Amino acid sequence: MRIKENVSLKGYNTFGIDVRASRMVEVESVGDCLGEAGRILREDKCLVLGSGSDVVFTADYDGTVVRVTMDGLAEEGDCRVTADAGWVMDDLIATTLQKGLYGLENLTAIPGTVGAAVVQNVGAYGIEAKDMVESVEAYDTATGQICRFDNAGCGFSYRDSMFKQSHGRYLVLRVTFKLHSQYQPVLTYKALEGVPHATADEMRQSIADLRWGKLPRPEEHGSAGSFFKNPIVDKATWERLRTAYPDMPQAHAAEGPGEGYKLSAGWLIDRAGWKGRTMGRAGVWPKQALVLYNTGGCTGDEVVALARAIVCDVKEKYGIALTPEAIII
């Protein structure tokens with residue numbers, strides 16, 4: 001375990017917002033949780049941070065930022081791998097493909113760690129993390145124990161999980177993925193029509209090309225990726241919008257009984273006229289209206305102000321309430 005005091009978080013959030021934390025604890029082993037790191041998690045005000053790819057800091061953090069830096073990987077047999085939470089998700093995908101294990105390739109180029117991917121239930125191009133997660137090992141700050149959850153126990157839903165809903169109770173340590181020994185391309189997402197996909201490597205390259213063709217590269221412009229969730233509406237709302245706006249993209253049926261239709265937040269924001277616009281030093285990415293970005297030196301307050309303006313405008317024009325996917329700290 002490593003402890004740092006008065007730490008700049010500029011390099012620990014992909015928006016590149018310059019704030020500080022009173023303290024940072026880096027968990028380097030499961031044993032750390034059973035010692036001093038566990039005590040800090042139980043007793044102090046703590047924020048668990050992966051790569052900081054889904055957060056917007058609006059002020060200095062008066063507490064302890066906790067990062068899991070464990071990066072071990074174990075093959076469990078029968079196409080199972082257990083990855084420590086500190087793995088960069090994209091690096092894990094590359095490594096599993098090298099081992100002839102398939103299933104994660106549609107999540108290529110999503111920034112963030114394995115632990116954060118599970119907490120957020122990240123998804124892209126027709127799959128979500130939950131589709132491959134078999135179990136999760138986590139430290140429970142309420143009991144001081146290491147516990148294990150199967151897939152059902154993780155409470156996964158659209159961009160959500162039990163870990164996210166528990167407001168910091170659990171520190172994800174390890175994730176076991178159940179993958180495939182044979183490459184089975186998932187091509188259900190419309191944007192994948194016609195892309196090269198004969199091999200997993202081709203699919204991975206196609207996904208990367210699609211993402212970086214419309215999203216800002218982290219080394220060039222700070223962002224949190226997709227800033228808003230795609231809204232889920234009932235049938236009556238969907239039919240109202242489809243009648244009023246015949247050019248609206250086809251809605252996807254949301255998972256689960258009676259969950260309605262998933263609309264394109266990007267289309268709503270674009271049609272409301274926000275694509276390419278800026279407020280202060282925060283802007284809407286010119287190639288993808290779902291992404292807010294740092295035009296240079298922006299603050300978290302500027303990002304939040306822009307997001308609120310978009311939410312109000314979309315609500316006024318379409319009667320749809322957008323919800324941020326990014327977490328405001």
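## The second largest pocket

The second largest pocket has a volume of about 910 Å³. Please keep in mind as you look around that this is a predicted model. In all, 40 residues line the second largest pocket, and L47, V48, L49, V119 and I327 are the ones that lie nearest its centre.

Several elements give two or more residues to this lining: strand 3 (46-48), strand 5 (61-68), helix 4 (114-120), helix 5 (162-165) and strand 12 (170-178). Helix 4 gives the most, with four residues. By residue class, the lining of the second largest pocket divides into 20 nonpolar, 14 polar and six charged residues.

## A four-stranded open sheet

Let us turn to a sheet. Four strands form an open sheet in the order 13-19-18-17, and their pairing is antiparallel. Strand 13 (222-226) and strand 17 (278-279) are the edge strands, each of them pairing on one side only.

Inside this order, strand 18 (residues 282-284) and strand 19 (residues 291-294) run antiparallel and are joined by three bridges. If you would like a place to look, find G283, which stands opposite Y293 in strand 19. Helix 9 (residues 300-318) packs on the sheet, where it touches strand 17, strand 18 and strand 19. The direction of helix 9 makes about 35° with that of strand 18.

## K287, between strands 18 and 19

The loop between strand 18 and strand 19 is the place of K287. K287 counts as exposed because its relative accessibility is 55%, and the cut-off for exposed is over 50%.

Leaving aside residues up to four places away in sequence, K287 touches G213, K214 and K275. R20 is another matter: K287 and R20 are 267 residues apart in sequence, and their C-alpha atoms are 31 Å apart in space.

## Two positive phi values

Two residues invite a look at their backbone. Y125 is not a glycine, yet it has a positive phi of about 50°. Y125 lies in the loop between strand 8 (123-124) and strand 9 (127-128). With a relative accessible area of 6%, Y125 is buried, since buried means under 20%.

H167 is also a residue other than glycine with a positive phi, in this case near 55°. You will find H167 in the loop between helix 5 and strand 12, and both of these elements give two or more residues to the lining of the second largest pocket. H167 has 72% relative accessibility and therefore counts as exposed.

## L263, a buried loop residue

One more loop is worth a visit. L263 lies between strand 16 (261-262) and helix 8 (265-271), in the loop that links them. Is L263 buried or exposed at 4% relative accessibility? L263 counts as buried, because 4% falls under the 20% limit.

Which residues does L263 touch, not counting those up to four places away in sequence? They are N230, P231, V233, W238, L241, M248, A251 and I320. For one of these, A251, there is also a backbone distance: L263 and A251 are twelve residues apart along the chain, and 5.1 Å separates their C-alpha atoms.

## Looking back at the loops

Here is a short recap of the loop residues. Y125 and L263 are buried, whereas H167 and K287 are exposed. Y125 and H167 each have a positive phi. K287 sits between two strands of the open sheet, strand 18 and strand 19.

Technical notes
Residues are numbered from 1 along each chain as its sequence is written. This is a predicted model: local features need pLDDT of at least 70, side-chain atom pairs count only at pLDDT 80 or more; totals for chains, interfaces and linings use all residues. Side-chain values use heavy atoms; hydrogens and water are left out. Two strands pair if DSSP finds at least two bridges between them. Contact means heavy atoms within 4.5 Å. Axes are lines fitted to C-alpha atoms, for helices over the stretch in contact, and angles run from 0 to 180 degrees between N-to-C directions. On a 1 Å grid over the protein atoms alone, a cavity is a set of points where a 1.4 Å probe fits but cannot get out, and a pocket is an open set with protein on both sides within 12 Å along at least five of seven lines; lining residues have an atom within 4 Å of a point. Grid points are joined across faces, edges and corners, and a volume is the space filled by probe spheres set on the points. Ala, Val, Leu, Ile, Met, Phe, Trp, Tyr, Cys and Pro count as nonpolar, Asp, Glu, Lys and Arg as charged, and the others, Gly among them, as polar. Buried means under 20% relative accessible area, exposed over 50%, partly exposed in between (1.4 Å probe, protein chains only).
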